[in-house]
There are 2 protein chains.
Amino acid sequence: MFKDVLRNLVEGTDGAVASILMGFDGITVDSYTRTTTPGAPPWSVETVGAEYSALLGQIKQASAMLEFGTTSEVSVQADGMTTVVRLLNDEYFVALAIEPSANMGRARYNLRVKSSSLIEQLS
Amino acid sequence: MFKDVLRNLVEGTDGAVASILMGFDGITVDSYTRTTTPGAPPWSVETVGAEYSALLGQIKQASAMLEFGTTSEVSVQADGMTTVVRLLNDEYFVALAIEPSANMGRARYNLRVKSSSLIEQLS
């Protein structure tokens with residue numbers, strides 16, 4: 001079930017490379033990597049997720065400390081990859097890695113739409 | 001000079017509340033807070049910047065570790081505030097805080113355009 005959502009997310013977003021559903025403890029629930037990308041990515045989406053799980057915990061704390069309320073989305077653009085993360089609840093997040101040239105607005109929209117389906121399945 | 005750019009950035013972006021130019025060491029170069037916002041924000045933009053300076057250092061490290069290259073932009077959406085950060089060079093970043101209902105695409109665009117002017121002035 002999770003795999004289907006993650007696959008649809010990647011295959012339905014131009015320039016998307018991989019997606020992962022993960023706990024803030026760094027444990028992967030499920031992930032999907034687009035295999036048709038020319039030259040497989042030199043990284044595993046699990047490694048990316050694990051790096052982000054630690055960062056997201058600190059970003060959540062910072063938002064709360066600043067009284068900005070609950071963090072819902074974090075995005076990081078680097079030269080080689082853009083990562084958009086949607087925080088689903090207190091325990092889980094979903095991340096979508098897209099190529100830097102891809103349409104980030106569309107990726108954010110798709111991620112937000114699929115998030116509700118993931119939240120339902122998680123509860 | 002920096003103040004002018006930061007002011008233009010805030011006043012020229014619908015829903016923008018404050019902007020700050022800061023070093024990754026957490027030291028503020030300059031900042032601007034829109035005073036006409038009804039109900040002054042309960043936070044100072046310096047406190048927000050200082051929180052982000054620590055986070056950004058870790059995000060830069062994570063991007064480098066994952067071989068995603070140099071980080072150029074980070075955005076965090078929380079219930080009460082959206083923060084868009086543009087990393088200018090190895091030493092400085094500029095952050096723009098906007099209301100959650102504001103147009104984030106426009107904020108990102110304005111921040112990117114103003115960044116080149118800030119980079120010029122910093123060098």
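**Close-up views of a predicted two-chain model**

**View 1. B:Q77 sits in strand β3 (residues 71-78) of chain B.** This is a predicted model, and our tour starts at this glutamine. With a relative accessibility of 14%, B:Q77 falls under the 20% limit and therefore counts as buried. Its side chain reaches the side chain of A:R108 in a polar contact of 2.9 Å. Beyond its neighbours within four places in sequence, B:Q77 touches A:T70, A:T71, A:S72, A:E73 and A:R108 from chain A, along with B:T82 and B:M104 from chain B.

**View 2. Helices α1 (residues 2-11) and α3 (residues 104-122) of chain B pack at an angle of about 180 degrees.** Their axes lie 10 Å apart. Because the angle is over 145 degrees, α1(B) runs roughly antiparallel to α3(B). On the α1(B) side, the contact is made by B:F2, B:V5, B:N8 and B:L9. Helix α3(B) contributes B:N110, B:L111, B:K114, B:S117, B:L118, B:Q121 and B:L122. Sorted by class, the residues of this contact are 6 nonpolar, 4 polar and 1 charged.

**View 3. Helix α2 of chain A covers residues 45-65.** How far apart are the end C-alpha atoms of these 21 residues? They are 30 Å apart, in agreement with the 30 Å expected at 1.5 Å a residue. Here is a group to look for along α2(A): A:V45, A:V48, A:G49, A:Y52, A:S53, A:L55, A:L56, A:I59, A:A62 and A:S63 are buried. As a reminder, an α-helix has 3.6 residues a turn, so residues three or four places apart point the same way. After α2(A) comes A:E67, with a positive phi near 60 degrees.

Technical notes:
Residues are numbered from 1 along each chain as its sequence is written. Chains are lettered from A and ligands numbered from 1 in the order in which they are written. This is a predicted model: local features need pLDDT of at least 70, side-chain atom pairs count only at pLDDT 80 or more; totals for chains, interfaces and linings use all residues. Side-chain values use heavy atoms; hydrogens and water are left out. Helices (H or I, at least four residues) and strands (E, at least two) are DSSP runs, numbered from the N terminus. The expected span of a helix is 1.5 Å times one less than its number of residues. Buried means under 20% relative accessible area, exposed over 50%, partly exposed in between (1.4 Å probe, protein chains only). A polar contact is a pair of N or O atoms within 3.5 Å; within protein, one must be able to donate a hydrogen and the other to accept it, and residues adjacent in sequence count only if both atoms are side-chain atoms. Contact means heavy atoms within 4.5 Å. Axes are lines fitted to C-alpha atoms, for helices over the stretch in contact, and angles run from 0 to 180 degrees between N-to-C directions. Angles under 35 degrees count as roughly parallel, over 145 as roughly antiparallel, 65 to 115 as roughly perpendicular and the rest as oblique. Ala, Val, Leu, Ile, Met, Phe, Trp, Tyr, Cys and Pro count as nonpolar, Asp, Glu, Lys and Arg as charged, and the others, Gly among them, as polar.
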